[in-house]
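This report describes selected features of one protein model, under short headings. The sequence and the structure are shown first.

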Amino acid sequence: MSLTDLIAAEAVIPSLKANTKKQALLDLSNHAAQISDLDAREIFDTVLQRERLGSTGIGSGIAIPHAKLHKAKSIFGVFARLVRPIEFDAIDGMPVDLICLLITPESAGADHLKALARLARLLRNPATAEKLRAARDQSALYSVLTANETSRAA
């Protein structure tokens, strides 16, 4: 599964200003609604409901909140780098500054898990995370996220 299929350039937020986990999830949900035909409140409510089952903070300052939505037509993500790390109840107890919201159709089945695994592998790579934290703008962040796509295709 290609990252360019999951995250569009306009789905990258270079400096999200959120002070709480709930605010970050709301802002990501609003952005997801802007780039899709989905309702922001429905996205937020579903993501928040999933988050109550257990934090999607996977450690090392990274979180991958996700939700399956009936009205979603395809799998897509919204990536954000936070201006300041926030408490996210991550498994390692560390605050989060890199978040990728993943939205999938309810019918996605195994594709949902494949997309989550793909994102987790990419974001948990220490070199990639360091480059994401150092990138200056949306274009640079998108380049880091999709850097290995051309080499994978070869």
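## Strand E6 and its parallel partners

In this predicted model, Ala67 stands opposite Ile103 in E6. The pair belongs to the contact between strand E4 (residues 66-69) and E6, which run parallel and are joined by four bridges. Strand E3 (residues 62-63) also pairs with E6 in the parallel sense, over two bridges. In that pairing, Ala63 stands opposite Ile99 of E6.

How many of the residues of E6 are buried? The count is 10 of the 10, so the strand is largely enclosed by the rest of the structure. Val96 is one of the residues that lie in E6. Because its relative accessibility is 0%, and buried means under 20%, Val96 counts as buried. Val96 and Gly57 are 39 residues apart in sequence, yet their C-alpha atoms are 7.2 Å apart in space.

## Strand E5 between E1 and E6

Strand E5 (76-86) is joined to strand E6 (residues 96-105) by seven bridges, and these two strands run antiparallel. Within this pairing, Gly77 stands opposite Leu102 in E6. E5 is also joined to strand E1 (residues 12-16), here by three bridges and in the parallel sense. Ile13 stands opposite Ala80 of E5.

E5 is mostly covered, with eight of its 11 residues buried. E5 thus has bridges to E1 on the one hand and to E6 on the other.

## Two loop residues with positive phi

Most residues other than glycine have a negative phi. Two loop positions in the model are to be noted against this background.

Ser60 is not a glycine, but has a positive phi of about 60°. Its place is in the loop between strand E2 (57-59) and E3. With a relative accessible area of 45%, Ser60 is partly exposed, because this value falls between the 20% limit for buried and the 50% limit for exposed. Asp89, likewise not a glycine, has a positive phi of about 55°. This residue is found in the loop between E5 and E6.

## Helix H4

Helix H4 (residues 110-124) consists of 15 residues. From its first C-alpha to its last it reaches 21 Å, which is close to the 21 Å expected at 1.5 Å a residue.

Which residues of H4 are buried? They are His112, Ala115, Leu116, Arg118, Leu119, Leu122 and Leu123. Seen down the axis of H4, these buried residues fall within an arc of 160°, so they line one face of the helix. An α-helix has 3.6 residues a turn, so residues three or four places apart point the same way. The face of H4 turned away from the buried side carries Leu113, Lys114 and Arg121, which are exposed.

## Helices H5 and H6

In helix H5 (residues 126-134), the buried residues are Thr128, Ala129 and Leu132. Around the axis they cover an arc of only 100°, which puts them on the same side of H5. The exposed residues Pro126, Glu130, Lys131 and Ala134 are carried by the face of H5 turned away from its buried side.

Is Val144 buried or exposed? Val144 has a relative accessible area of 17% and is therefore buried, the limit being under 20%. Its place is in helix H6 (residues 138-146). Val144 and Ser2 are 142 residues apart in sequence, while the distance in space is 13 Å, C-alpha to C-alpha.

## The largest pocket

The largest pocket has a volume of about 170 Å³. It is lined by 15 residues, of which Ile35, Ser36, Asp37, Ser74 and Phe76 are the closest to its centre. Two elements give two or more residues to the lining of this pocket, namely helix H1 (3-6) and strand E5.

By class, the lining of the largest pocket has eight nonpolar residues, three polar residues and four charged residues. E5 therefore appears in two settings, because this strand gives residues to the pocket lining and has eight of its 11 residues buried, that is, under 20% relative accessible area.

Key: Residues numbered from 1 in each chain as written. Predicted model: local features only at pLDDT ≥ 70, side-chain atom pairs only at ≥ 80, totals over all residues. Heavy atoms only, no water. 1 Å grid on protein atoms, 1.4 Å probe; cavity = no way out; pocket = protein on both sides within 12 Å on 5 of 7 lines; lining within 4 Å. Points joined across faces, edges and corners; volume = space filled by probe spheres on them. Nonpolar A, V, L, I, M, F, W, Y, C, P; charged D, E, K, R; others polar. Expected span 1.5 Å × (residues − 1). Buried < 20%, exposed > 50% of the residue type's maximum accessible area, 1.4 Å probe, protein only. Arc of directions from axis to C-beta. Pairing = 2+ DSSP bridges.
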